[in-house]
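Got your viewer open? Here is a short walk through the model, one selection after another.

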Amino acid sequence: MIGIVGGMGPHAGIDLVNKIFDLTKANKDQDHLPIAIQSTPHLISDRTDFLSGNSDVNPAIAIVEIINTLHNQGANLIGISCNTAHAEPIFKEIVTRKPKEVEIIHMILEVAKYINEYFPSAKKIGILSTTGTFISNVYPDCLSKYGLTGIQVSKEIQLNCINPAVYSETYGIKSRSNPVSSKALKNLMTGINYLDNKGADIIIMGCTEIPLALKNNKINGKPLIDSTKILARALILKLSPEKLIEENG
């Protein structure tokens, strides 16, 4: 069984489950993979607040409690539907505390592996993310293992455009997920245009809420990489590879 740690944000967890379904070869109900999801956002402190030093509560503690619950339901394979939760100060604590029988798929490493395999000519990789992911440098670090250069937006664009596109209580994706507001979309496009001008060959949607806003596989002629979709794909490949509907992008 696949276990999904949801709630970061709630719509992003549902999006991961939907993408697992969409990428699974199935002709009837019984062909689909077993999935358990726990979406209890009130239990998990904000990842960016912790990484920014605005909170002393490591969200890893609550995430591990959820993993334990999922494990007790029969899940030995876990996906965490939040890029920022894979930053080392959080993810390392999760790995240290999780049950030894449980395997957690590292979303960001899977994205780097996917780009290396399917886009071998790409060298400069643009990254859109939360500020927590931004300051942790987790994407550039993972990409560098495959000889790829991660390009992040400027600090000004990160703080004034990208993070508010996710977090703003008036127009951010966390507060308005369906539909996403035009202001959030405009902010994200500011970041994309910046990365495009910096020579990015590909742009990663490195926050699981961003694919809720940007639905296309390409933008400005550049491939958009959906980190949620890559995680869904990796979970299927690990549990039941013959069931994966193979597609690029």
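Where does Asn137 fall by relative accessibility: buried, partly exposed or exposed? Select it and have a look before reading on. This is a predicted model, by the way. Asn137 comes out at 31% relative accessibility, so it counts as partly exposed, because the partly exposed class lies between the 20% limit for buried and the 50% limit for exposed. You'll find Asn137 in the loop between helix H6 (131-136) and helix H7 (138-144). Check its backbone too: phi is positive, about 65°, although Asn137 is not a glycine.

**More backbone oddities**

Some background for this stretch: most residues other than glycine have a negative phi, and most peptide bonds are trans.

Jump to Asn220, in the loop between strand S8 (218-219) and strand S9 (222-226). Here again phi is positive, at about 55°, in a residue that is not a glycine. Asn220 has a relative accessible area of 41%, so it is partly exposed.

Now pick the pair Met8 and Gly9, which are joined by a cis peptide bond with omega of about -10°. Gly9 sits in the loop that runs between strand S1 (2-5) and helix H1 (10-22). Then go to Asn178 and Pro179: the bond from Asn178 to Pro179 is also cis, and omega is near 5°. Pro179 belongs to the loop between helix H8 (155-167) and helix H9 (182-197).

**The sheet**

Switch to cartoon and show S1 to S4. These 4 strands make an open sheet, ordered S2-S1-S3-S4, with parallel pairing. At the edges are strand S2 (35-38) and strand S4 (103-104); each has a single partner strand, so one side of each has no neighbour in the sheet. Zoom in on S1 and S2, whose parallel pairing runs over 4 bridges. To line them up, label Gly3, which stands opposite Ala36 in S2. Add H1 to the view: this helix packs on the sheet and touches S1 and S2. The direction of H1 makes about 170° with that of S2.

**Two helix pairs**

Two packed helices are described by the angle between their axes and the distance between the axes.

Take helix H3 (residues 60-72) and helix H4 (residues 88-97) to begin with. Their axes come within 9 Å and cross at roughly 40°, and H3 and H4 are therefore oblique to each other. The crossing of H3 past H4 is right-handed. To see the contact as sticks, select Ala60, Ile61, Ile63, Val64 and Ile67 from H3, then Ile90, Glu93, Ile94 and Arg97 from H4. Colour this H3 and H4 contact by class and you get 7 nonpolar residues, no polar ones and 2 charged.

How are H5 and H10 set to each other: roughly parallel or roughly perpendicular? Show helix H5 (residues 107-118) with helix H10 (residues 227-239). The axes of H5 and H10 come within 9 Å and cross at roughly 90°, so the two helices are roughly perpendicular. For the side chains, select Met107, Glu110, Val111, Tyr114 and Tyr118 in H5; these meet Ser227, Ile230, Leu231, Arg233 and Ala234 in H10. By class, the contact of H5 with H10 splits into 7 nonpolar, 1 polar and 2 charged residues.

Definitions and conventions. Residues are numbered from 1 along each chain as its sequence is written. This is a predicted model: local features need pLDDT of at least 70, side-chain atom pairs count only at pLDDT 80 or more; totals for chains, interfaces and linings use all residues. Side-chain values use heavy atoms; hydrogens and water are left out. Axes are lines fitted to C-alpha atoms, for helices over the stretch in contact, and angles run from 0 to 180 degrees between N-to-C directions. Angles under 35 degrees count as roughly parallel, over 145 as roughly antiparallel, 65 to 115 as roughly perpendicular and the rest as oblique. A crossing is left-handed if the near helix is turned anticlockwise from the far one by less than a right angle, and right-handed if clockwise. Contact means heavy atoms within 4.5 Å. Ala, Val, Leu, Ile, Met, Phe, Trp, Tyr, Cys and Pro count as nonpolar, Asp, Glu, Lys and Arg as charged, and the others, Gly among them, as polar. Buried means under 20% relative accessible area, exposed over 50%, partly exposed in between (1.4 Å probe, protein chains only). Two strands pair if DSSP finds at least two bridges between them.
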